[in-house]
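Me: Please take a close look at one part of this chain, the helix pair formed by the opening helix and its partner late in the sequence. Then set that part in its surroundings.

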Amino acid sequence: MVRVAVVGAAGRMGRVLIEALNENSEAALAVAIDRPDSSLLGGDAGELAGVGKLGVELSGRLADKLDLFDVLIDFTHPELTLANVELCREHGKAVVIGTTGLSDAQKQQLKVAAEDIPLVFAPNMSVGVNLCFKLLELAAKSLGDEYDIEIIEAHHRHKVDAPSGTALRMGEVVADALGRNLSECAVYGREGVTGARDPKTIGFETIRAGDVVGDHTVMFATEGERVEITHKASSRMTFAKGAVRAAIWLQHKSTGLFDMQDVLELN
Ligand SMILES: NC(=O)C1=CN([C@@H]2O[C@H](COP(=O)(O)OP(=O)(O)OC[C@H]3O[C@@H](n4cnc5c(N)ncnc54)[C@H](OP(=O)(O)O)[C@@H]3O)[C@@H](O)[C@H]2O)C=CC1
Ligand SMILES: O=C(O)C1=N[C@H](C(=O)O)C[C@H](O)C1
């Protein structure tokens, strides 16, 4: 049985992760962490997640719980994730990272940490999105430079980073397949007199509204037709199940930086 610690346990993903762990026979919640100043500290993590008492108290300091878990699952925010990875690196713990919005420098820090511990880092843990990454590679290679590419994503009103990590990864997949560098060809939103579209660009449009769990569409459009590859998440459970699967998969790894394509053997 893999003993899992969840940080951000009282958050949107944290609560669903606890539920997913409760339903899994190969992994179990061992530690639940949220803000040190949270009014919820001391409560039972299972009750917080709506699955009944689990006997795991919500606490505020991961450093006090290092003996109690094998793998950390972190869906929080970049600075906290990096601090937690460093703590886990010092103590030889594996980490599954779902947090998005990391800078290039922060991603580089993960690469360095992965020399000492195993990490799964993926902007989207759902099977469907990871299948879409493969479909996008095929579509981009088949359609080529004749088609304009636009990536449209929609998320709930609480999301703090844009474009989503998934949309950016979709952009990277398509850009790589076409031999382009995303940092040179990405266009984020348009306003005013923009001029005609530069065919080499990849456009990103972001919607933030209501309770949308996560929608992504990549459009390939040319004169006479367009192809759209769309994924719509209707429950966070799809991400949580993927993260638990990654935690179980990581127990057999000693070091290395992996993503969900590795976990799902889609590479
Ligand atoms: N890879 C994937 O498949 C997915 C990735 N995500 C990503 O996961 C991340 C989290 O998303 P979401 O769950 O919606 O966000 P939430 O804000 O709901 O959850 C984050 C939790 O972390 C808590 N937190 C903040 N500071 C600390 C701290 N110092 N110590 C411990 N806990 C702390 C927050 O508390 P408080 O609210 O009080 O600040 C909150 O409970 C985002 O980056 C999102 O993009 C989301 C879904 C899927
Ligand atoms: O913040 C979210 O909610 C989500 N974030 C991830 C992202 O940025 O791609 C994945 C998912 O779409 C939900």
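Reply: What follows starts with that helix pair and works outward to the ligands, the domains and a few backbone details.

The model is predicted. Begin with the geometry of the pair. The axes of α1 and α8 come within 9 Å. They cross at roughly 60°. Helices α1 and α8 are therefore oblique to each other. The crossing of α1 past α8 is right-handed.

Now the residues. From α1, the contact takes M13, V16, L17, E19, A20 and L21. From α8, it takes M237, F239, A240, K241, A243 and V244. By class, this contact of α1 with α8 has 10 nonpolar residues, two charged and no polar ones.

Next, ligand 1. Helix α1, residues 12-22, gives the largest share of the shell around ligand 1, namely three residues. The shell holds 23 residues, of which G8, G11, M13, G98 and F239 come nearest. Two of these names belong to the helix pair as well: M13 is on the α1 side of the contact and F239 on the α8 side. The shell of ligand 1 divides into 10 nonpolar, 10 polar and three charged residues.

Helix α8 also has a role at the domain boundary. The chain is divided into domain 1, residues 2-121 + 236-263, and domain 2, residues 127-233. Their centres, taken over C-alpha atoms, are separated by 28 Å. Seven residues of domain 1 are in contact with nine residues of domain 2. On the side of domain 1 that touches domain 2, the elements giving two or more residues are α8 (237-250) and α9 (260-263). That side has one nonpolar, five polar and one charged residues. So much for α8.

A second helix pair is worth setting beside the first. The axes of α3 (residues 78-90) and α4 (residues 104-113) come within 11 Å and cross at roughly 15°. That angle makes α3 roughly parallel to α4. Here α3 passes α4 in a left-handed crossing. On the α3 side, the contact is made by P78, L82, V85, E86 and R89. On the α4 side, it is made by Q106, Q109, L110 and A113. The contact of α3 with α4 divides into five nonpolar, two polar and two charged residues.

Ligand 2 has its own shell. The residues around it are T100, P123, N124, H155, K159, S164, G165, T166 and G214. By class, the shell of ligand 2 has one nonpolar, seven polar and one charged.

Two backbone details remain. The peptide bond from A162 to P163 is cis, with omega near -10°. P163 is found in the loop between β7 (148-155) and α6 (165-177). The other detail is at E265, in the segment after α9. E265 is not a glycine, yet its phi is positive, about 55°.

To return to the part you asked about: α1 and α8 cross at roughly 60°, and their contact has 10 nonpolar residues and no polar ones. Helix α1 gives three residues to the shell around ligand 1, while α8 gives two or more to the side of domain 1 that touches domain 2.

Terms used
Residues numbered from 1 in each chain as written. Chains lettered and ligands numbered in written order. Predicted model: local features only at pLDDT ≥ 70, side-chain atom pairs only at ≥ 80, totals over all residues. Near = placed C-beta within 6 Å. Helix = DSSP H or I, 4+ residues; strand = E, 2+ residues; numbered from the N terminus. Nonpolar A, V, L, I, M, F, W, Y, C, P; charged D, E, K, R; others polar. Axes fitted to C-alpha atoms, helices over the stretch in contact; angles between N-to-C directions. Parallel < 35°, antiparallel > 145°, perpendicular 65-115°, else oblique. Left-handed = near helix turned anticlockwise from the far one by under 90°. Contact = placed C-beta atoms within 7 Å. Domains from an automatic or database assignment.
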